[in-house]
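Trainee: I'd like to zoom in on one part of this protein and really get to know it. Could you walk me through it slowly, with the surroundings too?

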Amino acid sequence: IARDGSECAIADSCAPIRDRDGKVVGAVLVFRDVTQEYAVQQALRDNAALIQTMLNTVVDGIITIHAKGGIVETVNPAAERMFGYSAKELIAQNFSMLIPELDRDQHNGNSSLEYYSASDEARAIGLGREVVGRRKDGSTFPVEMTVSEMWLGSRRYFTGILRDITTRKQVEAEQKKLDQRLRDQQFYTRSLIESNIDAL
């Protein structure tokens with residue numbers, strides 16, 4: 001507490017003062033104002049909490065992967081629900097256990113996660129690559145995956161954003177069937193009209 005009554009956060013250290021016989025006769029106290037440092041640390045904690053809240057509430061699965069080896073570093077709750085694994089079960093595992101074709105690509109000598117990285121244009125319109133995901137129970141489902149590269153210090157990572165597109169694929173398949181039925185109906189109607197000998 002300063003003389004004017006204002007308060008600040010301090011870091012302090014203390015060292016003993018000894019006489020010639022080694023007896024402690026006093027102490028030296030050093031105080032340092034760390035208000036700014038504490039404010040920066042609090043801002044970092046607040047930002048980390050905000051980012052974590054966002055990651056926990058998005059509906060898309062978000063997985064952070066070490067570039068070297070494709071090992072899973074972090075997983076959000078949406079990815080846990082999507083694949084049926086807990087974060088504990090996924091962390092330190094190879095990402096290819098969720099996306100089997102990555103394992104095939106690695107055997108073929110491809111740098112698979114780089115291949116799946118979205119171009120700037122694709123990222124701008126929210127378009128990812130379609131892959132097949134594998135759940136814990138072994139079932140497979142269509143996934144739209146967008147991969148971005150990032151560096152933390154000297155370490156390279158990839159962030160995969162995964163969206164289960166099962167419903168969309170079902171709707172597309174149903175739309176295809178309806179379109180085909182419409183074309184068939186138009187063809188049938190046209191055939192009836194053209195085969196009619198009466199003037200229309």
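Trainee: Which side chain does the side chain of E144 join through a polar contact?

Mentor: Happy to take that one, with a reminder that we're looking at a predicted model. The partner is R168: a polar contact of 3.1 Å joins the two side chains. Now let's see where E144 lives. E144 belongs to strand 6, and its relative accessible area is just 9%. The cut-off for buried is under 20%, so E144 counts as buried.

What does strand 6 belong to? Look for the open sheet of five strands, which come in the order 4-3-7-6-5 with antiparallel pairing. Strand 4 (72-75) and strand 5 (129-134) each have a single partner strand, so they stand at the edges and one side of each is left without a neighbour in the sheet. The sheet isn't flat, either: on average, neighbouring strands are turned by 35 degrees against each other, direction ignored. As for what holds such an arrangement together, strands of a sheet pair through backbone hydrogen bonds, either parallel or antiparallel.

Next, follow strand 6, residues 140-152, on its strand 5 side. The two strands run antiparallel and are joined by six bridges. You can pick out a couple of facing residues here: G133 has F141 in strand 6 as its bridge partner, and V132 stands opposite P142 in strand 6. Strand 5 and strand 6 form a hairpin with five residues between the strands, and in that hairpin G138 takes a positive phi near 95 degrees.

On the strand 7 side, the pairing with strand 6 is antiparallel again, over ten bridges. One example to find on screen is V147, which stands opposite G160 in strand 7. This pair also makes a hairpin, with two residues between the strands, and G153 in the turn has a positive phi of about 65 degrees.

Where does helix 7 come in? Helix 7 covers residues 166-195 and packs on the sheet, touching strand 5, strand 6 and strand 7 (155-164). Its direction makes about 135 degrees with that of strand 6. Keep the contact between E144 and R168 in mind as you look at this region.

Strand 6 has another job for us to trace, in the nonpolar core. The largest such core has 22 residues, and those with the most contacts inside it are I63, F83, F95, L98, I99 and L162. Several elements give two or more residues to this core, among them strand 3 (61-66), helix 2 (77-83), strand 6 and strand 7. The largest share, four residues, comes from strand 6.

Let's move across the sheet to strand 3, where you'll find H66. Is H66 buried or exposed? H66 has 18% relative accessibility, so it counts as buried. Leaving out residues up to four places away in sequence, H66 touches I71, E73, R155, R156 and Y157.

For contrast, try A92, in the loop between helix 3 and helix 4 (100-107). With 53% relative accessibility, A92 counts as exposed. Its phi is near 80 degrees, a positive value in a residue other than glycine. That's worth pausing on, because most residues other than glycine have a negative phi.

There's also a pairing toward the start of the chain. Strand 1 (residues 10-18) and strand 2 (residues 24-33) pair in the antiparallel sense over nine bridges. Within that pairing, A11 has R32 in strand 2 as its bridge partner. Five residues lie between the strands of this hairpin, and G22 takes a positive phi near 90 degrees there. While you're in this stretch, check the cysteines: C8 is partly exposed at 41% relative accessible area, whereas C14 counts as exposed at 53%. A search of the whole structure finds zero disulfides.

Finally, zoom out. The protein has seven helices and seven strands, and along the sequence they follow the pattern β-β-α-β-β-α-α-α-α-α-β-β-β-α. Buried residues make up 24% of the 200 residues, and E144, where we began, is one of the buried ones.

Key: Residues numbered from 1 in each chain as written. Predicted model: local features only at pLDDT ≥ 70, side-chain atom pairs only at ≥ 80, totals over all residues. Heavy atoms only, no water. Pairing = 2+ DSSP bridges. Axes fitted to C-alpha atoms, helices over the stretch in contact; angles between N-to-C directions. Contact = heavy atoms within 4.5 Å. Buried < 20%, exposed > 50% of the residue type's maximum accessible area, 1.4 Å probe, protein only. Polar contact = N/O pair within 3.5 Å; in protein donor to acceptor, adjacent residues only side chain to side chain. Core = buried A, V, L, I, M, F, W, Y, C linked by side-chain atoms within 4.5 Å. Disulfide = S-S within 2.5 Å.
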